[in-house]
Amino acid sequence: MSPFAEYAISALLIFGGAFTLVGAIGLARLPDFYTRLHGPTKATTVGVGAIMLSSVIYFSAMGEDIGISEILITVFLLMTAPVSANMLAKAAMHIGVNTLESTKGNPWEQ
Amino acid sequence: MFDRLSFPQPWLSLILFTTWQILSDGVSGGSVVLGLILAWLIPQMTHGFWPERPAFVKTWRMPAYILRVLKDIVAASFSVAWLILSPRKPRPAFINYPLKLEHPLAISILASTISLTPGTVSADVSDDKKTLLIHALDATSDQEVIDTIHNRYEKPLMEMFQ
């Protein structure tokens with residue numbers, strides 16, 4: 001494997017790991033249910049994307065496979081993350097989860 | 001009887017078949033057979049969820065849109081990460097977004113885009129499909145969020161679907 005590929009893989013792994021960590025910190029730090037919804041659906045998407053990209057580079061550099069399955073995993077993740085976030089938000093509105101007091105606007109009655 | 005043996009969504013069947021070949025680590029006799037079964041069975045089972053055919057008119061605009069969304073996901077992820085780590089409190093807001101798109105598939109693409117781009121989650125769509133409820137993590141003004149979504153995402157989608 002060329003040194004350039006190694007640097008790229010390491011950088012992407014650190015980048016992805018850092019973003020996933022920030023997403024997890026967000027889950028602990030953000031004040032109410034709806035704001036916590038933002039952490040896992042976003043920061044983590046970029047984190048997993050970067051880790052998948054490093055996996056693609058690794059297996060291409062090793063000359064094993066072009067790594068289409070990693071790209072498929074990323075596509076599935078991008079397709080399913082908004083749906084689960086949407087379902088969580090709908091369920092929260094249905095049972096009337098309390099919002100942060102400084103929230104502008106109101107959720108809909110379900 | 002023939003209805004049971006047909007492929008109600010040829011494109012969906014094709015995508016399912018191709019995806020299965022890629023996932024199963026190389027094309028073999030077994031993967032082709034199982035791929036054909038899945039390509040037939042899944043559209044048959046989900047038939048009721050597809051009320052009408054998706055009307056893509058300008059498919060060639062899609063790659064540019066996907067690239068723009070990917071770029072925005074990365075760029076805006078940094079601002080959310082910064083917000084999580086900074087001591088400042090977020091300013092969350094529920095925003096009623098007036099939809100101009102009419103096609104159900106276009107609306108679901110827009111809602112998914114809003115959920116994927118950091119800072120906003122689409123929470124619900126009204127029964128008459130004219131309003132989208134968005135939760136924004138850190139919004140200075142409602143109008144600013146509405147304008148950004150309209151100009152960056154809804155306009156390209158309107159061009160694609162009309």
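## Salt bridges, cores and the A–B interface

**Entry 1: B:R152 and its partner.** I began with B:R152, which counts as partly exposed at 27% relative accessibility. I keep in mind that the model is predicted. Partly exposed is the right label because 27% falls between the cut-offs of 20% and 50%. I then looked for what the side chain of B:R152 meets. It forms a salt bridge with the side chain of B:D72, at 2.8 Å from N to O. I placed both ends: B:R152 lies in helix α6 of chain B and B:D72 in helix α4 of chain B, so the pair ties together parts 80 residues apart in sequence. Is B:D72 buried or exposed? I find B:D72 buried, with a relative accessible area of 11%. The label follows because 11% is under 20%.

**Entry 2: a second pair within chain B.** Next I looked up B:R91. It forms a salt bridge with B:D138, and the closest N and O atoms are 3.3 Å apart. Where do the two residues sit? B:R91 is in the loop between α4 and β1 of chain B, and B:D138 is in the loop between β3 and α6 of chain B. The pair links distant parts of the chain, 47 residues apart. I checked accessibility at each end. B:R91 is partly exposed, with a relative accessible area of 37%. B:D138 is also partly exposed, with a value of 29%.

**Entry 3: the pair between the chains.** How many salt bridges does a search of the whole structure find? I noted 3 over all chains. In one pair, B:D124 lies in strand β2 (residues 120-125) of chain B and A:K90 in helix α4 of chain A, so this pair joins two chains. Its closest N and O atoms are 3.2 Å apart. I compared the two ends. B:D124 is buried, with a relative accessible area of 8%, whereas A:K90 is partly exposed, with 30%. The labels part here because 8% is under 20%, while 30% lies between 20% and 50%.

**Entry 4: the interface as a whole.** I widened the view to chains A and B. In contact are 38 residues of chain A and 42 residues of chain B. The two chains bury about 3,200 Å² between them. Of that area, 74% is on carbon and sulfur atoms. I then turned to the polar side of the interface. The rule finds 1 salt bridge across it. I also noted 4 residue pairs in polar contact between chain A and chain B. Which elements of chain A give two or more residues to the side that touches chain B? They are α1 (3-29), α2 (33-36), α3 (38-61) and α4 (68-95). Helix α4(A) gives the most, with 11 residues. I sorted the residues on this side of chain A: 20 are nonpolar, 13 polar and 5 charged.

**Entry 5: chain A by itself.** I ran along chain A from the N terminus and read the elements as α-α-α-α. The tally is 4 helices and 0 strands. Of the 110 residues of chain A, 34% count as buried. I looked at contacts in chain A with a separation of 6 or more. Residues 24 or more positions apart account for 68% of them.

**Entry 6: the nonpolar cores.** The largest nonpolar core has 37 residues. Which of them touch the most other members? I listed B:Y65, B:I95, B:Y97, B:L101, B:L110, B:I149 and B:L157. I then traced the elements that give two or more residues to this core. They are α1 of chain A together with α4 (62-85), β1 (93-98), α5 (104-116), β3 (131-136) and α6 (142-161) of chain B. Apart from this core lies another, of 10 residues, among them A:Y34, A:L37, A:A92 and A:M93. I went back to B:Y65 for its neighbors. Leaving out residues up to four places away in sequence, B:Y65 touches B:I109, B:T113, B:Y153, B:P156, B:L157 and B:M160.

**Entry 7: a histidine in α6.** Last, I looked up B:H150, which is in helix α6 of chain B. Is B:H150 buried or exposed? It is buried, with a relative accessible area of 17%. It earns that label because 17% is under 20%. With residues up to four places away in sequence left out, B:H150 touches B:Y97, B:K100, B:K155 and B:M158.

How values were computed
Residues are numbered from 1 along each chain as its sequence is written. Chains are lettered from A and ligands numbered from 1 in the order in which they are written. This is a predicted model: local features need pLDDT of at least 70, side-chain atom pairs count only at pLDDT 80 or more; totals for chains, interfaces and linings use all residues. Side-chain values use heavy atoms; hydrogens and water are left out. Contact means heavy atoms within 4.5 Å. Buried area is the accessible area (1.4 Å probe) that two parts lose on being put together, summed over both. A salt bridge is a side-chain nitrogen of Lys or Arg within 4 Å of a carboxyl oxygen of Asp or Glu. A polar contact is a pair of N or O atoms within 3.5 Å; within protein, one must be able to donate a hydrogen and the other to accept it, and residues adjacent in sequence count only if both atoms are side-chain atoms. Ala, Val, Leu, Ile, Met, Phe, Trp, Tyr, Cys and Pro count as nonpolar, Asp, Glu, Lys and Arg as charged, and the others, Gly among them, as polar. A nonpolar core is a set of buried Ala, Val, Leu, Ile, Met, Phe, Trp, Tyr and Cys residues joined through side-chain atoms within 4.5 Å. Buried means under 20% relative accessible area, exposed over 50%, partly exposed in between (1.4 Å probe, protein chains only).
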